[in-house]
Amino acid sequence: MNAILALADGKIFRGRGFGAIGEAVGEVVFNTSMTGYQEILTDPSYCGQMVAMTYPEIGNVGVNPEDVESRKPFVEGFVVKEYWDIPSNFRARQSLHAYLEENGIPGIQGIDTRELVRHIRERGAVNAVIAHGTDDSADTLVDKAKAAPPMEGRDLVAAVTCKEPYQWEQGCWTLEGGYTAPKQAPTRKVVAYDFGIKHNILRNLVDSGCEVRVVPADTPASEVLALDPDGVFLSNGPGDPAAAAYAAAHVRDLVGKKPIFGICLGHQILGLALGGTTYKLKFGHHGGNQPVMDLTTRKVEITSQNHGFAVDVGSLAGSAELTHINLNDETVEGLSHRDVPVFSVQYHPEASPGPSDANYLFGRFVDMIDGSR
Amino acid sequence: MPKRTDIESIMLIGSGPIVIGQACEFDYSGTQACKALREEGYRVILINSNPATIMTDPSTADRTYIEPIALPILERIIASERPDALLPTVGGQTGLNASLDLAETGVLERYGVELIGANIPAIKKAEDRQNFKDAMIAIGLDVPRSGVARTWDEAKRIGEDIGAPLIIRPSRTLGGTGGAMAYSMDEYEALAKRGLELSPISEILIEESIAGWKEYELEVMRDTADNVVIVCSIENLDPMGVHTGDSITVAPAQTLTDKEYQIMRDATLAIMREIGVDTGGSNVQFAINPADGRMAVIEMNPRVSRSSALASKATGFPIAKIAAKVAVGMTLDEISNDITRETPASFEPTIDYVVTKIPRFTFEKFPATPDVLGTQMKSVGEAMAIGRTFKESLQKALRSLEIDSYGFDDKGRGDAVDRSEILTQLGSPSARRLWLVGEAYRFGFTTEEIHDACKIDIWFLENIRQIIEEEPRISLEPEALRRAKEMGFADVRIAALIECSEEEVRQARIAAGIEPVFKTVDTCAAEFAAYTPYLYSTYEQEDESDVKDRKKIMILGGGPNRIGQGIEFDYCCVHASFALKEAGFETIMVNCNPETVSTDYDTSDKLYFEPLTREDVLSIVAREKPDGVIVQFGGQTPLKLAVPLQEAGVPIAGTSPDSIDRAEDRERFAALLDQLGLKQPANGIAFEVEKASEIAARIGFPVLVRPSYVLGGRAMEIVYDDDSLRSYMARAVDVGPGRPVLIDKFLEDAIELDVDAICDGEIVVVAGIMEHIERAGVHSGDSACSLPTQSLSDAVLAEVRRQVHALALELGVVGLMNVQFAVRDEEVFIIEVNPRASRTVPFVSKAIGVPIAKLAARVMAGETLAALGFTEEVVPEHMSVKEAVFPFAKFPGVDTLLGPEMKSTGEVMGIDASFGVSFAKAQLAAGTVLPSAGTAFLSVEDKDKAGLVPVAKRLADCGFDLCATRGTAAALADAGIEARAIGKVQEGGPSAVDEIRAGKIVLVINTPRGQGAHADSYPMRRAALECQVPYFTTIAGAAAAAEGIDFLQRESLGVRPLQEYGTER
């Protein structure tokens, strides 16, 4: 027992540490995906959060150089029931422990993660501290957790977005060829706002025939328009969308001028730009099994999700229209503009990790681009 | 889309008797489907020949036909019921094949019956191996290289093309019968030819061997709106090469990255769409090359399968129920998730535990077949366990198997005592290989060496290594003990490792506060609140058992199916639960068999999916504090716990464990019979050969010999002379102090009776007296029987009833009791008394139309038979015949003779007005089509020759040509019956075996006696089995068959639903 998970509400879990020695502070959320921990660790949307995996055996397939969604892991800390140190997978190059250690991320294992999940389910996502191999008492750790800033009102986009614009050229992964360059030359130009973008979104845009320019979150609309893109993409990202008001302001200036597609935080920012409001969910949606109905086709897709905030359905008036809903809790999962080519989804059509049911949305985006040219 | 209103009635076809490859999972799925469809307001017509099922309870469907699943019978039912639709996907391969036959012969079209849930082209595309392969290649998926052959010449060419090792799979056989792996071309020839013979359409698939690849299964569900969800992923611990039914499997998949898993998921969705499964559950199997991740599609089942049952229990997602609802047009988003209530069924379950299934084998029953696993399924049952880690789940699964192993003990060692032998044996998949892996670690082999030998993924191996390495660290110190318990070590195993008693471990554990908590199976990893108390134990912090302060009864189930203990006991447990729920009790089910109705989450108020060991049961009792525990309904498994549980202070409901002991303990039983003035065959008990010989001489040959503690007649034999007795003592049992052999006088030619009765402590009501068709000497579970009896005098029956009453009252039975009698020359002998539910309870219940297990459960909970209104024996006017079904075809080299050791896996029932027709129905249901004309071959031992005469005469009168071995022919000639003489095997010239194999013989009657005669005539019986020629190995069976044939020549079989039999209550 050399590790403690201390929640701000005073709940303590004692377990064994893995990954880096040290302390980490963040909001604890749980993720219900049974596969894909490496993609989860490297999803920038988890900046400021610690992830507890509901699936108990984690580390089985180790870590490989391919299954990454950004330049580094962004979770603050990692919580599992049983950490597994000896990878079994032909692509594994190192253990999860070594990877976390290398990236300074502490982990805790051997705790009753189901109890933690039920606790979060009842009381909501909560700030916490993981201490691995440090001397602080549990009480001190609880105080540290209490002192951590709340997620509401936090702009974490600034912490994760790129500093300079860059081109993205890599396509999606295949078993036979790994990551490949697209076979055909791109026929559309897309500017992607990086609020904490997952690489698989960029790969999917590339595979959909787009030349992709990634720009920092605070890039004004005028600069984007100056690039003369055929479409604009709004990415996922961490934190409270309302706190990144500048982003919504830029987007507002783009609506009606260019076709726009938003995912996750990008969807929330679009919602704000269209006059809606956002709110914090009790514990959010983090997993790969969320059922969403596309209201235009009445078809259900199983989606990958990772968000703690949502667009308020009641706030969607005027130009915004509800297009997708979550069948579990009927929250907003997608919206579009009534008049101009603008749409967004709360979930992750790029999957990675998770099912690819919603991959068609990239096609919908390029069709929209092609239709407005 | 809402449910369809253009159809009102739906027919379901069950899977028939329990056989290897098709067990109670299809009772579970059929029952769920019936319930789901009736819930939606449809009229459900069900047909199944297996009486030991919940689905054939008259209250499960609107119309229930316990009739043979055969084309003419099905057509007759359709003609009389005129269903609007047929759902073919919930009755296993049997149900699917029968539906296919109905479609292909135009019956469905003729009566305007619509096939729902699956269409014919889709079924054919999925089931026909070449079509399937072509379809996979068409959508860009990889498959093993293969070819289809209908002749040996074709097979030869294909085999040479691909090169050994090769896999041979005959088309359209159950559970992969005839499937095999050929390592050389010589081996290939024999196996390919056999496969061609076994396939009903004489077709085999020859495949590139991908033995050693990792094997996966995905369970998938689709609705009419093309919404598709994956219910569960399963990874096989045993790599490719072992039939998935015989593999240890784990859910969810453990060694796939998300990228690889999504490739598999996408492929599954593409396959569903390409094959065109309209709606419902399917199962797709994949192989993955561990070296480079190459994925090949193996096969798809376009129906609810054995894996579906496992996936349902593993996730809480009720596949069969949902499959039924989507078949009538509902979409997944319109169906709610029973467990969370608030969320829809259109989601993918996520689990926060690890599920392990281990198959249960019975090689000990078939010594002629080696313990080697391959592509043909051989297991007869399975146990499933749930734990929060794989180690815990695996160790719980081991002790759930009920093979007296509580973890990685030395069971795997066998004769492999030196290092090199271990690696060799690891290379050959077997029932004990898992234990052998543990042993290999103890011998100091590395994971790499073990992996090279067995190809089991290193993730599984490393987990086993951790378990083995923990062994020497275990002690009663709280920290060490807690760690061991978290890893799943059983108290019994810990006790063995540190050399103390189980009770000491338990006490140390409780003193240190190390007790399990119970977690919920909720489909969603706790993301939503669960309303269905489906629980499993683990050693963690938070307990979710939510114990209620109600009157409650706990029912211990039967554990994994095996020969001798099968679905009949699950039926009894489910009935107990239903009855006690009705009576206002909270019912708590404990069981570890994923195939069953008892482990459905809505059968009881609470379900604990747990091993049936003393430790695990006591932990649940400690939490729930039930008012009574029922141990008498689940067969031997819970019964063995009766005394230990009572000693631990657990209130046992109904008949006291002491009474059970009084009936089981030889000496106490003898005293009981003395006291009541009842007779049993003369007997004795021997600890060594000389004593045995002396006893046998005293009571006179033939004698029945068996080891003292046996189930299902294990190692029981009839011995006719001293030499055979000595040979038995030397060969069959390790006799010694504490392990005596029991010797009983064998009553030759006696008629055996099985009697089920119910007693509330005050009055006794006989539920049914069954007369065995085979004479004494055939295990009661293997014998056909009729209810009511046909040949017994009123005086004998009155005496039987008197004895049953006396026994029940003297033993203080509260609940069910079964007594076996032998009757010879009007004299009644007691063979055994079992104060518990017997295998025949479901058959009796259906024959007499009274749910006796339900009544017994209520009696055990304190009600009286008078209050329940069951005070008089019901003797029905119609005749019910039960016939046993055997797995001989799955075990090459095994003889088909019946004896005192039970070998059947299942049973069927025939009901009609008279014995002949009921017997004919039972035969047809068991797969034996009685011939109407042709040549019958007769060969009987001397003492049966007189008995054969009327049988032969009847056959001759029915127009059969007779042929017989010389002796038999001569005996028949003496009686004026003409029979052509024909050679036995070894006599040269055309023999009976040749004629059977040439299809010239349509019926075989053969009753050999003694070891020599057995060996002589064995090739004949085997030939009959393999060529599917009806064969009878007892005169009584042959006489019944002749009566059935006689009937069939005069009339055709009619059908009648259970609901119309007069005694239905």
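A residue is buried when its relative accessible area is under 20%, exposed when over 50%, and partly exposed in between. This definition applies to the views below, which show a predicted model.

**View 1. A stacked aromatic pair in chain B joins a buried ring to a partly exposed one**. B:Phe888 has 1% relative accessibility and is therefore buried, since this value is under 20%. B:Phe886, at 23%, is classed as partly exposed. Over all chains, the count of aromatic pairs comes to 20. In the pair formed by B:Phe886 and B:Phe888, the ring centres are 5.2 Å apart and the planes meet at 5°, a stacked arrangement.

**View 2. Aromatic rings of chain A form a cluster, and charged side chains sit over rings in both chains**. The cluster consists of A:Phe233, A:Phe261, A:Phe343, A:Phe362 and A:Phe365, linked by ring pairs. Elsewhere, A:Lys280 places its charged end over the ring of A:Phe309, at 5.7 Å from the ring centre. In chain B, the face of B:Tyr1061 is covered by B:Arg1056, at a distance of 4.3 Å from the ring centre.

**View 3. The largest nonpolar core comprises 101 residues**. The residues with the most contacts inside this core are B:Ile10, B:Leu12, B:Met221 and B:Phe633. Beyond its neighbours within four places in sequence, B:Met221 touches several residues, including B:Val228, B:Val229 and B:Val231. Its other contacts include B:Phe317, B:Ile319, B:Ile322 and B:Leu332. A second, separate core has 64 residues, among them A:Tyr55, B:Val437, B:Phe445 and B:Ile468.

**View 4. Five strands of chain B make an open sheet with parallel pairing**. The strand order is E3-E2-E1-E4-E5. At the edges, strand E3 (63–65) and strand E5 (114–115) of chain B each pair on one side only. Three bridges connect strand E1 (residues 9–13) with strand E4 (residues 85–87) of chain B in the parallel sense. Among the bridge partners, B:Ile10 is matched with B:Ala85 in E4(B). Helix H1 (residues 25–39) of chain B packs on this sheet and touches E1, strand E2 (43–47) and E4 of chain B. The direction of H1 makes about 175° with that of E1(B).

**View 5. Seven strands of chain B make an open sheet with antiparallel pairing**. Their order is E31-E30-E27-E28-E29-E32-E33. The edge strands are E31 (827–834) and E33 (906–912) of chain B, each of which pairs on one side only. On average, and with direction ignored, neighbouring strands of the sheet are turned by 25° against each other. Strand E30 (residues 814–824) of chain B runs antiparallel to E31(B), and seven bridges join them. B:Ala822 has B:Phe829 in E31(B) as its bridge partner.

**View 6. Helix H24 of chain B has buried residues covered by helices and a strand**. Within H24 (residues 657–664), the buried residues are B:Pro657, B:Ser659, B:Ile660, B:Arg662 and B:Ala663. Their cover includes helix H22 (636–639), helix H23 (642–647), helix H25 (666–676), helix H28 (794–811) and E31 of chain B.

**View 7. B:Thr244 is a buried loop residue**. The loop runs between strand E11 (228–236) and strand E12 (249–251) of chain B. B:Thr244 has 10% relative accessibility. Leaving aside neighbours within four places in sequence, B:Thr244 contacts B:Glu215, B:Glu217, B:Asn236, B:Thr249, B:Gln285 and B:Lys357.

Terms used:
Residues are numbered from 1 along each chain as its sequence is written. Chains are lettered from A and ligands numbered from 1 in the order in which they are written. This is a predicted model: local features need pLDDT of at least 70, side-chain atom pairs count only at pLDDT 80 or more; totals for chains, interfaces and linings use all residues. Side-chain values use heavy atoms; hydrogens and water are left out. A nonpolar core is a set of buried Ala, Val, Leu, Ile, Met, Phe, Trp, Tyr and Cys residues joined through side-chain atoms within 4.5 Å. Buried means under 20% relative accessible area, exposed over 50%, partly exposed in between (1.4 Å probe, protein chains only). Contact means heavy atoms within 4.5 Å. Rings of Phe, Tyr and Trp (its six-membered ring) pair if their centres lie within 6.5 Å; planes under 30 degrees apart count as stacked, over 60 as edge-to-face and the rest as tilted. A charge sits over a ring if NZ of Lys or CZ of Arg is within 6 Å of the ring centre and within 35 degrees of the ring normal. Two strands pair if DSSP finds at least two bridges between them. Helices (H or I, at least four residues) and strands (E, at least two) are DSSP runs, numbered from the N terminus. Axes are lines fitted to C-alpha atoms, for helices over the stretch in contact, and angles run from 0 to 180 degrees between N-to-C directions.
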